[in-house]
Amino acid sequence: MAKDGWTEGNDNSAETSGDLVDEPSAVQLVYRPQPADTRVGLRVRDRVKRTKLVLRGVLLVLGVGFWLITIDVVSTGLLLFVVLWMWGYPRLHVAYIQRIIGWQGEYRATVSAAGITCHSDYSTLVQKWSVYQGYRETAHHFVLLSRDPNIMWLEVLPKRGAHEAEDLDRLRAILDQHTTRV
């Protein structure tokens, strides 16, 4: 029988966002996403994937090689275009992502044994640990990387969002327990 959109026999035991917040070992981070957070997340993803770094290097070597062989106005213009594109594209990407997430206001992320719950003024997102392949810690962020081959999903947790220094140690312990460092 269907009742409120659910059929009998469905496993309706998924945690609600309230269940995740009530855990005593949960760590709460409160922050407003900044472009620097996105830039760090994308930089970590590129370093883990390594393909973008290799492709950029190959493209630059080919561009300089072509320029050295021809040395004319067209090849100089093409080389400048390639260099400007390689420099500017990451900044355009960060600006695009910031437009998507920045208008949502303050984020309140709760990290617990059940997963990560992220509330903004307009949405709530609950993610289980099985979504992530691992995380990398930087000087000011924890960056969680999705399990898919292209690492299309990132979760950037800025350390500035922690209320106390002990929260960062608890957060690190939760991350180590439920995912691996990459």
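Which helix gives the most to the lining of the second largest pocket? Keep that one in mind, and I'll come back to it. One thing before we start: what you have on screen is a predicted model.

Okay, the sheet. Four strands make an open sheet, and going across you read β3, β4, β5, β6, with antiparallel pairing. At the edges stand β3, residues 27-31, and β6; each has a single partner strand, so one side of each is left without a neighbour in the sheet. From one strand to the next, the twist averages 15 degrees.

Let's zoom in on one pair. Strand β4, residues 107-112, runs antiparallel to β5, and five bridges link them. If you want a landmark there, find A109, which stands opposite C118 in β5. Now look for helix α5, residues 165-178: this helix packs on the sheet and touches β3 and β4. Its direction makes about 115 degrees with that of β3.

There's another strand pair to point out. β7, residues 132-137, and β8, residues 141-146, are antiparallel too, again over five bridges. A hairpin of three residues takes you from β7 to β8, and Y135 sits opposite L144 in β8.

Right, on to the pockets. The largest pocket has a volume of about 720 Å³. How many residues line the largest pocket? The count is 25, and nearest the centre you'll find I97, I101, W153, L154 and E155. Several elements supply at least two lining residues each: α2 (35-49), α4 (73-102), β5 (115-119), β6 (124-127) and β9 (154-158). So you'll recognise β5 and β6 here as strands of the open sheet. The largest share of this lining comes from α4, with five residues. As for chemistry, we're looking at 14 nonpolar, eight polar and three charged residues.

The second largest pocket holds about 240 Å³ of space. This one is lined by 14 residues, and R39, R43, D46, R56 and P90 are the closest to its centre. Here α2, α3 (51-70) and α4 each supply at least two residues of the lining. And that brings us back to my opening question: the answer is α2, which gives the most, with six residues.

What about the classes in this second lining, nonpolar, polar and charged? There are five nonpolar residues, one polar and eight charged. Set that beside the largest pocket, with its 14 nonpolar and three charged residues.

That's my tour, so let's open the floor.

Methods
Residues numbered from 1 in each chain as written. Predicted model: local features only at pLDDT ≥ 70, side-chain atom pairs only at ≥ 80, totals over all residues. Heavy atoms only, no water. 1 Å grid on protein atoms, 1.4 Å probe; cavity = no way out; pocket = protein on both sides within 12 Å on 5 of 7 lines; lining within 4 Å. Points joined across faces, edges and corners; volume = space filled by probe spheres on them. Nonpolar A, V, L, I, M, F, W, Y, C, P; charged D, E, K, R; others polar. Pairing = 2+ DSSP bridges. Axes fitted to C-alpha atoms, helices over the stretch in contact; angles between N-to-C directions. Contact = heavy atoms within 4.5 Å.
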